[in-house]
Amino acid sequence: SPMDKLTLVKRLKERGDVVAVTGDGTNDAPALKEADVGLSMGIIGTAVAQEASDIVIMDDNFSSIVKSVMWGRSVYDNIRRFL
């Protein structure tokens, strides 16, 4: 249920975990908003879910998340090396 998702996100954050949530429906919006990183689907996702999320996955492909994380880590590593 949506409340279970939200409760899980809150409990994980209380433990000090970094939490990412994926969702596509209006019921996912509270957990998407509460998470450190909320990822919603761009094609099948509702406008409410997209608005609540930090990142919209335009192709609705979960492998895009992996590619994005790898790209982000590479950029971060390059910035650290430069500084």
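This dialogue walks through one predicted protein model, moving from its overall layout to its sheet, its buried parts and its surface.

Visitor: Where should I begin, and how many helices and strands does the protein chain have?

Guide: Begin with the list of elements, remembering that the model is predicted. The protein chain has four helices and three strands, and when you read along the sequence they follow the pattern α-β-α-β-α-β-α. The C-alpha atoms fill a box of roughly 45 × 35 × 20 Å, taken along the principal axes.

Visitor: In what order do the strands form the sheet, and is the pairing parallel or antiparallel?

Guide: In general, strands of a sheet pair through backbone hydrogen bonds, either parallel or antiparallel. Here the three strands form an open sheet in the order 1-2-3, and the pairing is parallel. Strand 1 and strand 3 are the edge strands, each pairing on one side only, and from one strand to the next the twist averages 25°.

Visitor: Which residues could I look at to see the pairing of strand 2 with strand 3, and what is the bridge partner of G23?

Guide: Take strand 1 (residues 20–23) first, which is joined to strand 2 by four bridges; the partner of G23 is S40 in strand 2. Strand 2 then pairs with strand 3 (residues 55–57) over three bridges, again in the parallel sense. On that side S40 stands opposite V56, while M41 stands opposite I57.

Visitor: Which elements make a right-handed β-α-β unit with strand 1 and strand 2?

Guide: Between those strands you should follow helix 2 (residues 29–34), which completes a right-handed β-α-β unit with strand 1 and strand 2. Another right-handed β-α-β unit is made by strand 2, helix 3 (residues 47–52) and strand 3.

Visitor: Along strand 1, which side chains point to one face and which to the other?

Guide: The general idea is that in a regular strand the side chains alternate between the two faces of the sheet. In strand 1, V21 and G23 point to one face and are buried, whereas A20 and T22 point to the other face and are not buried.

Visitor: Why is strand 2 described as largely enclosed by the rest of the structure?

Guide: The reason lies in its residues: four of the five in strand 2 (residues 37–41) are buried, so the strand is largely enclosed by the rest of the structure. For the protein chain as a whole, buried residues make up 28% of the 83 residues.

Visitor: Is L6 buried or exposed?

Guide: A residue counts as buried when its relative accessible area is under 20%. L6, which lies in helix 1 (residues 2–14), has a value of 13% and is therefore buried. It is also worth finding P30, since L6 and P30 are 24 residues apart in sequence and 6.3 Å apart in space, C-alpha to C-alpha.

Visitor: Which residues make the nonpolar surface patch?

Guide: The patch, of about 660 Å², is made by W71, V75, I79, F82 and L83. Look in particular at I79, which is found in helix 4 (residues 63–82) and is partly exposed, with a relative accessible area of 47%.

How values were computed
Residues numbered from 1 in each chain as written. Predicted model: local features only at pLDDT ≥ 70, side-chain atom pairs only at ≥ 80, totals over all residues. Heavy atoms only, no water. Patch = residues over 30% accessible without salt bridge, like charges linked within 9 Å, V, L, I, M, F, W, Y side chains within 5 Å. Areas by Shrake-Rupley, 256 points an atom, 1.4 Å probe, with all protein chains shown as cover. Salt bridge = Lys/Arg side-chain N within 4 Å of Asp/Glu carboxyl O. Helix = DSSP H or I, 4+ residues; strand = E, 2+ residues; numbered from the N terminus. Buried < 20%, exposed > 50% of the residue type's maximum accessible area, 1.4 Å probe, protein only. Pairing = 2+ DSSP bridges. Right-handed = clockwise from strand over helix to strand, strands pointing away. Axes fitted to C-alpha atoms, helices over the stretch in contact; angles between N-to-C directions.
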